[in-house]
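Biologist: I would like a close look at one part of this structure, with its surroundings explained step by step. Please start from a single strand and work outwards.

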Amino acid sequence: MSEADDKNRYNLASRRKTFLGLDKEQALKGLFGGNALVSIVVLALITFFLFREGIGFFGQYRDSLKLYRSSGLEYVEIMNEQSAAFSGLTRYLNSIREDQTQLLKEQGLAFREIKKVQARDNDFFYGFEDLGYPLREYVLEKKELAIASRNAYEEMENLKVFRSNLLAEGRTEEAAAVSIVELDLSATVDQIRSGREEFLALNDTIEKELEALLAEAPTFEAASLNAKVERLGELTRMFIAEMEEYENRLLEWDSTQSIGMGRAFVLFLFGEKWVTNSSIQDWYGLWPLFSGSLLVAIIAMFLAVPLGIGAAIYVNQVAGPREQNFIKPYIEFISAIPSVVIGFFGIAVFGQFIRNASNWEALAWLDVFPLAERLNAFTAGCLLALMAVPTIFTLAEDAINNVPKAFKEASLAMGATRWQTTVRIIVPTSLSGIISAVLLGFGRVIGETMVVLLCAGNRIAIPDFTEGLGVFFEPVHTMTGIIAQELGEVVHGSIHYRALFMVGMALFIISLLINYVAQKIVIKYQISRG
Amino acid sequence: MSLVADKITLNRPKQSTDSMDSDSSEQARPLIRVSDFDFFYGDKQALFDVNMEMMENEVTAFIGPSGCGKSTLLRCINRMNDLVDVARIGRGTIEVSGANIYDPQVDTIELRKRVGMVFQKSNPFPKSIYENVVYGLRIQGINRKSTLDEAVERCLKGAALWEEVRDRLDTSGLSLSGGQQQRLCIARALAVEPDILLMDEPCSALDPVATAKVEELIHSLKDNYTIVIVTHNMQQAARVSDRTAFFYLGKLIEMGQTEQIFMSPNNEQTEAYISGRFG
């Protein structure tokens, strides 16, 4: 053997082919690394985009609130509230008359005869109702004034922007042609406020007349009607007491008082109104949407958690291999159903079924039945539960499956039954995994859009929790639903547009928090297993 | 192969143990009797016609190469093999103090309370030391504090662990060292007061110091319990057991007094195995 051969045999230099300076291994590494990088970049872009579009909301919202105040609309709104409160009173008043009509009808009286009986109290009823008209007209007049001045102001602002845009483009001549009349909002405000004496006089009349009317309130034969009249008296006295409050608020109101960013923030996060395209003022309060989402999610979790975890325990601990092979794919298949199909099923079949069921005699003991609304939080919650079950089931089953077999064997070898082993060893050991499964299921539910949009009833209002069980059967709107419903129609860059982005941000943060907590729990779980 | 088969027939364990019994301790009474036992995993036969007896208050060691069926037989004694779906018995019986444990009337829960088990890999529950020991009592519905306290002390002392853990009973069982964990598992098995302890290679994952402690423990437990131990470690079998059974390919090749098996085995295969020539 020559020396050269010997040398060749121990030549350890790399003989791999390279392309662009990369060999095969490096190229593969680059490819897979690139894939991972793309997802991270996309997530970062989404976050950035949400922030960029959404964060401008607070500034715009503050400007809008400022204008609402400086144009005097806020002042008018206070008077309007009082007027609305009086309308509430007259509604109650009219309900007394309706009840009376109903009672008389049951006694067999004809329409004409009923009218005759009721004519006795016409002075009271009509007198009461008529008291509201001058007030309403007064408020309406002022409102129109304020709206007109606000609109003019907005017009002026738009023109200013238009002009500065022209200037920026260098079209100075055209810019000079844009004529802008400077508008002084405070003049309008003074005009509105100058009517204060008139308003106070109106209030005085109302107060006096109401007291006079109440003094000679009619009495009826039926005790139920008398009780209602008494209640009306109470409500009226409460209204009279509140009138002073409205007057004080009007007196303290100051059009120049500034509105901070914090106020806009608080009004968004805890605002109780979500009103858009209003002629007076748009309100963007998250609270009704958030509480709606939460209510639906709670209903869904209440149903999905026992079902998902129960099924996971059954499949992993009790079922034989044949049953397992049937149940597992079957449950996991549910997640393959498009959510719009589930929503469609909810409208066409399930919602109707719930309402029909609420008419059953057997369920009459539930005081919330029968239901008026076919589409409500409960309908949506049930369908969302169906969608959350596969998530919870799969993850919980994984967690249970991860319990070392040795624990189960040790427990059984000590004479524990299968049930005792499950309850005392398997479930406690996998508890953190199960909790994170529940949290991720919750994340799935709160982020679901189509089903709630179709089945939750879409009434923007905070659920009335004083209703007891009835709260679950109220129509609600959700954070996801409102985005899907309104984002297609808003003007790009408007407050409304940015408000929807802020709702999206809120959703994003909620989901992020849930995932974060779930992951923390899983990590803790891995440590505890040693 | 026929030669091997002949040898096995010649050395029917029953005969050998019978002959051994006559010249060993007279008060030894068989507590577990395996007769004509065939066992299958699906279509695969794991045990062939096993006949043997294990004496009360003695340590019986099962030795043999991996896959020879010794662990399978051990797990048949408290019916842990019931958990394996495809496992079934072909023929024969296992009796514990005269009662056939594969009788349909037998409640496996009751059987397992009488026949405790310690596993190859220490497997304390992810609970406190205290809760690990009292687990067997809690599942029987015993929750009285004084009874449980007493049992914890008795069992941990019995497992020679009391002095090491008495002041940290509330810490997790998983925080103990490997040897301590295995002794905790023994203490846990003792809590239900079994008559028989089955040990499936209890020291295979332990270092020599921990092994010595467990072996010492096995020795002291002999007075109150009947112990069956599966081991790969021939020295261990020689050290701790009174009788030794050698298995090969699912068959019981030879069984006898440990001294006799190690000093003068009757069977060539036994001799080859213990002298390290195969296995």
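Modeller: What follows starts at one strand of chain B and then moves to other parts. Keep in mind that this is a predicted model.

Start with strand β3 of chain B, residues 59–63. How many of its five residues are buried? Five of the five are, and the strand is mostly covered. Look at its two faces in turn. Val59(B), Ala61(B) and Ile63(B) sit on one side. Thr60(B) and Phe62(B) sit on the other. Both faces are covered.

Now look at the strands that pair with it. One is β8 of chain B, residues 226–230. The pairing with β8(B) is parallel and runs over four bridges. Within it, Val59(B) stands opposite Ile227(B). Another partner is β9 of chain B, residues 243–248. This pairing is also parallel, over four bridges. Here Ala61(B) has Thr244(B) as its bridge partner.

Next comes the loop between β2 and β3 of chain B. Glu56(B) forms a salt bridge with Arg29(B), and their closest N and O atoms are 2.5 Å apart. Glu56(B) lies in the loop between β2 and β3, while Arg29(B) lies in the loop between α2 and β1, so the pair ties together parts that are 27 residues apart in sequence. Are these two residues buried, or are they partly exposed? Glu56(B) has 29% relative accessibility, so it counts as partly exposed. Arg29(B), at 44%, is partly exposed as well.

Chain B has another salt bridge to look at. Asp195(B) and Arg114(B) meet through their side chains at 2.5 Å, N to O. Asp195(B) is in the loop between α8 and β7, and Arg114(B) is in helix α4, 81 residues apart. This pair links distant parts of the chain. Asp195(B) is partly exposed, with a relative accessible area of 31%. Arg114(B) is partly exposed too, at 41%.

Turn now to helix α5 of chain B, residues 129–138. Why is this helix described as largely enclosed by the rest of the structure? Nine of its ten residues are buried, so the rest of the structure largely encloses it. Among the buried ones are Ile129(B), Tyr130(B), Val133(B) and Leu137(B). Asn132(B) and Arg138(B) are buried as well. What covers them comes from both chains. Chain A brings helices including α16 and α17. Chain B brings helices including α6, α7 and α8.

That leads us to chain A. Ile280(A) sits in the loop between β3 and β4 of that chain. Its relative accessibility is 16%, so it counts as buried. Beyond its sequence neighbours within four places, Ile280(A) is in contact with residues including Tyr68(A), Leu73(A) and Ile147(A). Glu77(A), Lys143(A) and Arg150(A) are contacts of Ile280(A) too.

For a contrast, go to the surface. Phe265(A), Val266(A), Phe270(A) and Trp287(A) form a nonpolar patch there. Together they have about 380 Å² of accessible area. Helix α11 of chain A gives the largest share, three residues. Phe270(A) lies in that helix.

One charged pair in chain A closes the tour. Glu53(A) forms a salt bridge with Arg52(A), with the closest N and O atoms 2.7 Å apart. Glu53(A) is buried, at 7%. Arg52(A) is partly exposed, at 48%. Over all chains, the whole structure has 29 salt bridges.

Conventions
Residues numbered from 1 in each chain as written. Chains lettered and ligands numbered in written order. Predicted model: local features only at pLDDT ≥ 70, side-chain atom pairs only at ≥ 80, totals over all residues. Heavy atoms only, no water. Buried < 20%, exposed > 50% of the residue type's maximum accessible area, 1.4 Å probe, protein only. Helix = DSSP H or I, 4+ residues; strand = E, 2+ residues; numbered from the N terminus. Contact = heavy atoms within 4.5 Å. Pairing = 2+ DSSP bridges. Patch = residues over 30% accessible without salt bridge, like charges linked within 9 Å, V, L, I, M, F, W, Y side chains within 5 Å. Areas by Shrake-Rupley, 256 points an atom, 1.4 Å probe, with all protein chains shown as cover. Salt bridge = Lys/Arg side-chain N within 4 Å of Asp/Glu carboxyl O.
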